[in-house]
Amino acid sequence: MSKNILIGITSSIASYKIYDLIRKFKKTDYNVKVILTPNALEFVSPIVIETLSKNEVYVEQYCKRSNPEHICLCDWADCFLIAPISANTISKITAGICDNLLTSVACAYLGSQKPLIIAPAMNEGMYLNPFVKENIEKLKNNNVSIIDPQKGYLACGAEGIGRLADIDIIYQKTLREIHQNKKNNSKKILVTSGGTIEAIDNVRYITNFSSGKMGYNLALSAYYNGFDVKLITTCDTQNPPFITQQVKSALEMLNAIQNSEFDYLFMASAVCDYRSNTVSAKKLKKEELGKKLTLNLTQNPDVVATIAKSKTKNQIITGFCLADDDLINCAKNKLKNKNLDYIIANDVQTALNKDENEVTIISKSGKMVNIKKDTKFNIAKKILEVVCD
Ligand SMILES: Cc1cc2nc3c(=O)[nH]c(=O)nc-3n(C[C@H](O)[C@H](O)[C@H](O)COP(=O)(O)O)c2cc1C
């Protein structure tokens, strides 16, 4: 069943950015209702919000319904996000003031166990005001999640801290608050993704067609589930909400894993089996190489097998097997030979560089779970359900 997100918008120059956030939540099947402070009516249009959210917009504290509006909205919401939240509303909520519908809902909501998230946006002077800072700290200490503002160009014309966090970050952090299982907070998930990059000289390299999408989606899904996530990747990632470490070669990837703690490791990267014997510090010249180039290659270490050799009793390692044919046998052999706990078997044709996938999860006890064709995000969710149950 889709979850209910209540969004509160206060009067800030950044308020218009929430149009995009509402669209994002609606596009991914969340129910959205919006409360505006009376002052926010100066900054956003209720008609636009009603059209995007497919719900009426709530402003009035006193309306002619049988049940008090602020309690109905509190009960309806699985999560209450106030974005942007003004210095004024932060201070009112901290003091328990309930002089409009939004602050009344916030007051009642703070007493519930449900997630309240705030994303402040304001001029740098307001944000650095000691009373505003103290109030944000008070909210943090009372289980309110704060999505910190960013540094950058502010609407007042100055550079500084106070810009509303990126809409993608607000979206991802809200989903974590809604979906997380708090017992996962202390569990560390390490994911690797992308094809390793093995240099030939300072401009050329050997790699493969891995897109890194399966690993990225595993990391994102694990983040939403509340895990402490780190992604080690060879791919560019745009502002992910979890920790990422950029690496290039198989040796760098191995080193990065060896220096990371984990309870669960998902090796979704495509490690090149070979690397060039030598790496030229300068670009090799075609004129000097002649008509044919022979590369001498050295075998890379088997990264997942190396890690699995020294794994502790409580660590769970999941490998991936990609093959054109005889996939299940190939996966079963890898599972056994590399001392893995699970292996995900996926076919070259359906998996490589695609947005969707179809996989079979095989456990070391021999249990097999087939997951039918779906988006890589949904496949990732199901893999986590099986492996991290
Ligand atoms: C053009 C303009 C932009 C404003 N932007 C912000 C802002 O980004 N953050 C903020 O805290 N206050 C901002 N304010 C001040 C608030 O609108 C003012 O404090 C108001 O009382 C807040 O009301 P509310 O919290 O009930 O929405 C702005 C005011 C104006 C006129």
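The following exercises, with worked solutions, concern a predicted model.

**Exercise 1. The sheet**

Determine in which order the strands of the open sheet are arranged, and which strands form its edges.

*Solution.*
Step 1. The open sheet consists of six strands, and their order is β3-β2-β1-β4-β5-β6.
Step 2. The pairing in this sheet is parallel.
Step 3. An edge strand pairs on one side only, and this applies to β3 (57-58) and β6 (145-146).

**Exercise 2. Strand β1 and its partners**

Establish with which strands β1 pairs, and over how many bridges.

*Solution.*
Step 1. On one side, strand β2 (residues 31-36) is joined to β1 by six bridges in the parallel sense. Within this pair, K33 of β2 is the residue opposite L6.
Step 2. The connection from β1 to β2 passes through helix α1 (residues 18-27), forming a β-α-β crossover that is right-handed.
Step 3. Strand β4 (residues 79-85) also pairs with β1 in the parallel sense, over four bridges. Here L6 has F80 of β4 opposite it.
Step 4. Helix α1 lies across β1, β2 and β4, and its direction makes an angle of about 175° with β1.

Explain why β1 is described as largely enclosed.

*Solution.*
Strand β1 covers residues 4-9, and five of these six residues are buried; the strand is therefore largely enclosed by the rest of the structure.

**Exercise 3. The surroundings of I117**

Decide whether I117 counts as buried or exposed.

*Solution.*
Step 1. I117 belongs to strand β5 (residues 116-120).
Step 2. A residue is buried if 20 or more other C-beta atoms lie within 10 Å of its own.
Step 3. I117 has 23 C-beta neighbours inside 10 Å and therefore counts as buried.

Identify residues, beyond four places in sequence, with which I117 is in contact.

*Solution.*
Step 1. The contacts of I117 beyond four places in sequence are C79, L81, S145, I147, K173, T174 and E177.
Step 2. L81 is 36 residues away from I117 along the chain, yet their C-alpha atoms are separated by 4.7 Å.
Step 3. S145 in β6 stands opposite I117, and β5 pairs with β6 in the parallel sense over two bridges.

**Exercise 4. The shell around the ligand**

Describe which residues come nearest to the ligand and how the shell divides by residue type.

*Solution.*
Step 1. There are 15 residues around the ligand, of which T10, S11, S12, S86 and M122 come nearest.
Step 2. Helix α4 (residues 87-95) supplies the largest share of the shell, three residues.
Step 3. The shell contains seven nonpolar and eight polar residues, and no charged ones.

Key. Residues are numbered from 1 along each chain as its sequence is written. This is a predicted model: local features need pLDDT of at least 70, side-chain atom pairs count only at pLDDT 80 or more; totals for chains, interfaces and linings use all residues. A residue is buried if 20 or more other C-beta atoms lie within 10 Å of its own, exposed if 12 or fewer, and partly exposed in between; C-beta atoms are placed from the backbone. Two strands pair if DSSP finds at least two bridges between them. A crossover is right-handed if, with the strands pointing away from the viewer, the path from the first strand over the helix to the second runs clockwise. Two residues are in contact if their C-beta atoms, placed from the backbone, lie within 7 Å. Axes are lines fitted to C-alpha atoms, for helices over the stretch in contact, and angles run from 0 to 180 degrees between N-to-C directions. A residue is near a molecule or strand if its C-beta atom, placed from the backbone, lies within 6 Å of it. Ala, Val, Leu, Ile, Met, Phe, Trp, Tyr, Cys and Pro count as nonpolar, Asp, Glu, Lys and Arg as charged, and the others, Gly among them, as polar.
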